[in-house]
Every structure is written in structure tokens, then in C-alpha cells.
Amino acid sequence: MLKLTRAQQFQRAIQAIFGLIIINVLFLVLSPTYRQIGNFQTIFAQATVLGIMASGSTIVLISGGLDLSVGSLLTLTSVLVGTFLIWEYPVWLCVFLGLLIATGWGLVNGLIVIGTGIPPFIVTLGMMMVLRGFAELSAAGKDMSSFPRSFRILGSGYVVPVLIMTMVYSFVTIFLSRTKLGFYAYAIGGNPEVARLAGIRVNHLRLLYYALGGFMAGLASVVLTARLNFANSTFGQGMELNAIAAAVIGGTSLSGGVGGALRTIVGVLIMTCLSAGLSHLGIGSSWQRVAIGIIIILAVWFDALQRRRALQ
């Protein structure tokens, strides 16, 4: 069983924070527009959706799982919530139904992974396509917009979205560090067989972790739909990879058993600041993807390197 020491985990957190500081100092020097207060407000607003989704991915990754379908789940939830709003259901009911469907689908992912024994990568990759298809069928080629103000306030400005994200990370941090269910996630991700022999109900808890991942994707969808005041079947493309990348850059291991919510938010800010900074320097989206891709490769390589050292 692999287990990084507290010193090694602390070192990884400090390295992520140091990377975030370096990126910001670099862009503050190179770009006058990056220094504006409004830019940081925009960064925080953009980080909320990815941050909420990445918090769910962090829990799943720590437990040794993987969910590639959360981006498509965000899309389907957005389309369904938009449809319910167009049908003039009460706003609270639309949000509740959206979160319920997203949580239920996360649970279905877990059931299939555990019930069939098929690797999570394959199951959730297939589910990604299934959910995308359902979203297109539900939207029927239509765009939905002009939602009630009481719904739009969930994503307007940056105060409410940041408040929601803060509440989410407070919950996930307490869940992972102060509850047995959180400790069990690390144990299962570190070595599921040892966890099973220790009396932990591995399969039941994995269902819970996948359901939490689905809930966070649904909540991110609600915030994004409210912010844009718009929903269609093109939302969420590639967001599942960004969520996983943010968790990995923050120090969560793809092999399970290592990670934390606060580290993930550092990873989210690194990705958001890098994207914003490159935009301020006039660098196009293609080169931004190249830069973020290189950082992801470096983060995974660094993770593998530290795990190899821990095994020695």
C-alpha cells in the first residue's frame, strides 16, 4: 500500500501554491490589464464552476475511481433545468430536480463500475457519450434562455457563485478530513483490498463517492446556467478533463489515496489564472490549451515520480 507522508503531502501543497504565485507574478509584470481589480473578479467568477465540479472529481479520485462523464452530466442537467424553467416550474423545484438527477446519475455510474467490474475509465467514457446524446435529445436543437431573476441570481456577479463554492469546499474539506467516510475514501483509494479486510464496506462507499461527484457536477451546472442565463446541448464539452486536471495539478493522485479539496482549489486557480493571463497577453485559445496540457503532463509526471520514491 502506498501512503505519502504528511511532509510529502505538505510539500506537494506548497509546490502548487508556489506555482500559483509564480504564474500571477509573471502575468502581473507582463500585462498591465491583468493587474486590474476587475480581472481578478472575473477569474474568481470563472473559477467557481470548474471549482465546484473539481471538488466532486477530487473525492472520486481519492477513492481510486474516475468519472469522465461529469462534463456531459453538466450539459444534461443544464438542459433539463432550463426545460423545467421554461415550463414555469418553481425555481426551487427546478434546481432540486436537476441536483437529484445529477446525483442519481453519479450513483448509476458507481453501480455499473462496481456491478460489472469494468474499469471506471471505460464505463464513464461510455456514459459521457450516453449523457451527451440524452442532452441533445432533450434539447431537440433548441436553446433556452430568459430565465427568472430568482434563478439567475445563483450565478450573477461573483459574490454568490464564490459563496456557493466556498460552502462546497468547506463541506468537502470537513468531509475528507473530519469524518470516517472521508478517511475511508483515502483508505479505499490507497488499497481497496486492505480496506475491505479492515471491515470497510468498500462497494457501498464507492457508490456514495460517485453520487457526490454527480451532485457537484449538477450544482456546477446550475451555477453556470444561471450565470449565462442560457442552456443548450453544447455546454460542458471538455470540462470533465479540466476538473480532473485541476485536481491533479493541486496534488490529488490519479492512482487514489492522496489529495485534498484545498489543494484542488489551488489547481483550479492555476488553470484559471493561466488561461486569463495568456488571454491578456493576446495568446489564442489553441496555445492556451497547449500550455495547460504541458502543465497537466508535468503534474502527472511529478505525481508518478513521488509515488516511485515513496515505494522505495
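**Close-up views of a predicted model**

Arg 196 is partly exposed, its relative accessible area being 37%. This residue opens the first of several close-up views, and the model shown in each of them is predicted.

**View A. A salt bridge within helix H9 joins the side chains of Arg 196 and Glu 193.** The distance from N to O in this pair is 2.8 Å. Both residues belong to helix H9, which covers residues 192-197. They are three residues apart there, or about one turn of the helix. Glu 193, like its partner, counts as partly exposed, because its relative accessible area is 43%. The count of salt bridges in the model comes to one.

**View B. Helices H7 and H10 pack at an angle of about 170°.** Two packed helices are described by the angle between their axes and the distance between the axes. For H7 (residues 159-178) and H10, the axes are 11 Å apart. Because angles over 145 degrees count as roughly antiparallel, H7 is roughly antiparallel to H10. On the H7 side, the contact is made by Pro 161, Ile 164, Val 168, Phe 171, Val 172 and Phe 175. H10 contributes Leu 208, Tyr 209, Leu 212, Met 216, Leu 219 and Val 223. Sorted by class, this contact has twelve nonpolar residues, with no polar and no charged ones.

**View C. The largest nonpolar core has 86 residues.** The members that touch the most other members are Ile 52, Leu 74, Phe 151, Val 168, Tyr 169 and Val 268. H10 supplies the largest share of this core, twelve residues. Val 168 is also shown with its contacts: leaving out residues up to four places away in sequence, Val 168 touches Ile 52, Ser 55, Met 216 and Leu 219.

**View D. Thr 225 occupies a buried place in helix H10.** The helix spans residues 202-228. Thr 225 counts as buried because its relative accessible area is 0%. Apart from neighbours within four places in sequence, the contacts of Thr 225 are Ser 78, Phe 147, Phe 151, Phe 230, Ala 231 and Phe 235.

**View E. Gln 46, in helix H2, is in contact with Arg 227 and Thr 272.** These contacts leave aside the neighbours of Gln 46 within four places in sequence. Helix H2 runs over residues 37-62. In sequence, Gln 46 and Arg 227 are 181 residues apart, whereas in space 9.9 Å separates them, C-alpha to C-alpha. With a relative accessible area of 41%, Gln 46 is partly exposed.

**View F. Ser 146 has a positive phi, and so does Asn 229.** Most residues other than glycine have a negative phi. Ser 146 is not a glycine, yet its phi is about 55°. Ser 146 sits in the loop between strand E1 (144-145) and helix H6 (149-152). This residue counts as exposed, because its relative accessibility is 63%. Asn 229, which is likewise not a glycine, has a phi of about 55°. The loop that holds Asn 229 lies between H10 and strand E2 (230-231). At a relative accessibility of 22%, Asn 229 counts as partly exposed.

Technical notes: Residues numbered from 1 in each chain as written. Predicted model: local features only at pLDDT ≥ 70, side-chain atom pairs only at ≥ 80, totals over all residues. Heavy atoms only, no water. Helix = DSSP H or I, 4+ residues; strand = E, 2+ residues; numbered from the N terminus. Buried < 20%, exposed > 50% of the residue type's maximum accessible area, 1.4 Å probe, protein only. Contact = heavy atoms within 4.5 Å. Salt bridge = Lys/Arg side-chain N within 4 Å of Asp/Glu carboxyl O. Core = buried A, V, L, I, M, F, W, Y, C linked by side-chain atoms within 4.5 Å. Axes fitted to C-alpha atoms, helices over the stretch in contact; angles between N-to-C directions. Parallel < 35°, antiparallel > 145°, perpendicular 65-115°, else oblique. Nonpolar A, V, L, I, M, F, W, Y, C, P; charged D, E, K, R; others polar.
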